[in-house]
Amino acid sequence: MKDLLAKFTAVGRQHAELLAQVGSDPLGVRVDRVIGPTEAEIEGRRCVLLGSNNYLGLTFEPTALEGAHAALDAAGTGTTGSRVANGSYSLHQDLERQLAAFFGRRHALLFSTGYQANVGMLSAIAGRDDTVLIDSDCHASIYDGCKLSDATVQRFRHNDPENLDRRLARLQAPGNALVVIEGIYSMLGDRAPVREIAEVTRRHGAYLMVDEAHSLGVTGPGARGVAAEAGVADKVDFIVGTFSKSVGTIGGFCAADHDALEAIRLSARAYLFTASLPPAVVASARCTLERMRTDPGLRDRLWANAEIVYDGLARMGFELGPEKTPVIAVRMPDTQTGLTTWRDLLDDGVYVNLALPPATPNGNCLLRCSVCAAHSADQLDHVLAAFARVADAPDWRGTAAE
Ligand code: PMP
């Protein structure tokens, strides 16, 4: 007889094997105490955080803490419902206006997470007769949004405008096609060739959506991301993003000039049928967005730190992602080495993300590092010294030289 839960036996076994091999759970790390944006006590050990996505270090931004405390006192801990049912707080509308102005768009729509922004937008926009073309390295939320849509979905080769061009050329009606890319890709940290992709998309009369999750606050004029950096923001139809990285809190959004965004508000189930963001979260996002817009020094420090880490790791012979950005992927020769290296770094007080397939491109095991503007020189020295010890370990020399 079939058992509904039988499929989880294998998952549980794999997880138990992982635990046995590593001695702690890389997928269930316990943070005992947060010390600051770049430091925490993890499983009893003081660690430099090199896997937090907290690119600008704004999780303790004084104005955001103050704004969040005030909103908490004034409006309580939560909205207890969706904006459609319970109404919008003026804070939600203020943040939408702020986001629209930030990106120079007429409209902005808030979601409760970046995941929901992608799922909500894609499932609402892409109907039965439409086609969605996504870059093969896109995030799971983009894949899931496609699954929830009734559209035909095609994956084009990662960062390959020619492959996209050929696919669009084969469509009978590219006018109802949507191309989806990311600004900086979450795993390998490489930028999208937005200029070329926007040119191809425009030429075929299709629409373009760019998820700037890892590029908002990180690059571009006014901290607006990779499309703005490439000077083609006006060719992007839908800018999607999250507050869970550089903005330092939680939430998602889409900004666009299309008036249809207001009708999408009435159609996106991930907007309609879930609770809206709590006031304290909205208030802190408003403060950090303003800080990142007006303080380019944050980005300068972030990129200077990214360069130090990337160059340091490259000198040690690690195989890294193709571009020097604040997302630095260190490719492990195999999963076993990945697991032990991740553990060794943690023992040395450095926390990075262990990224395993299917979350990674090409079945690779990666140690995914994300650099922060607030990392001090001492912390970066500590990080590089820990990686140097790994690189010098005899088992590593053996595999890395292969
Ligand atoms: N898009 C991309 C590219 C991401 O990397 C992520 C999160 N890792 C998301 C969307 C989802 O964002 P959130 O954490 O706000 O759900």
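Leaving aside its neighbours within four places in sequence, which residues is Met332 in contact with? They are Thr337, Gly338, Thr341, Cys365, Leu366 and Leu367. Two residues are in contact if their C-beta atoms, placed from the backbone, lie within 7 Å.

Before going on, a word on the model. It is predicted: local features need pLDDT of at least 70, side-chain atom pairs count only at pLDDT 80 or more, and totals for chains, interfaces and linings use all residues. Residues are numbered from 1 along each chain as its sequence is written.

Stay with Met332. It sits in strand 12, residues 327–332. Helices (H or I, at least four residues) and strands (E, at least two) are DSSP runs, numbered from the N terminus. Met332 is buried because 25 other C-beta atoms lie within 10 Å. The cut-offs are these: buried means 20 or more other C-beta atoms within 10 Å of the residue's own, exposed means 12 or fewer, and partly exposed is in between, with C-beta atoms placed from the backbone. Ala355 is 23 residues away from Met332 in sequence, and the two are 10 Å apart in space, C-alpha to C-alpha.

Now look at the sheet around strand 12. It is an open sheet of four strands, in the order 11-12-15-14, with antiparallel pairing. Its edge strands are strand 11 (319–320) and strand 14 (353–355), and each pairs on one side only. Two strands pair if DSSP finds at least two bridges between them. Strands of a sheet pair through backbone hydrogen bonds, either parallel or antiparallel. Strand 12 pairs with strand 15 (residues 365–370) over six bridges, in the antiparallel sense. Find Arg331: its bridge partner in strand 15 is Leu366.

Helices pack here too. Helix 13 (residues 296–315) touches strand 11, strand 12 and strand 15, and its direction makes about 15° with that of strand 12. Helix 14 (residues 335–347) lies across strand 12, strand 14 and strand 15, running at about 35° to strand 15. Axes are lines fitted to C-alpha atoms, for helices over the stretch in contact, and angles run from 0 to 180 degrees between N-to-C directions.

Next comes another open sheet. It has four strands in the order 1-2-3-13, with mixed pairing. Strand 1 (31–36) and strand 13 (350–351) each have a single partner strand, so one side of each is left without a neighbour in the sheet. Strand 2 (residues 39–42) and strand 3 (residues 45–49) pair in the antiparallel sense over four bridges. Ile42 has Arg45 as its bridge partner, and Ala40 has Cys47. The hairpin of these strands has two residues between them, and Glu43 takes a positive phi near 45°. Strand 3 and strand 13 run parallel, joined by two bridges. There, Leu49 stands opposite Tyr351.

Finally, find the ligand. It is surrounded by 14 residues, and the closest are Gly114, Tyr115, Ser186, Ala213 and Thr242. A residue is near a molecule if its C-beta atom, placed from the backbone, lies within 6 Å of it. Helix 5 (residues 114–125) gives the most to this shell, with three residues.
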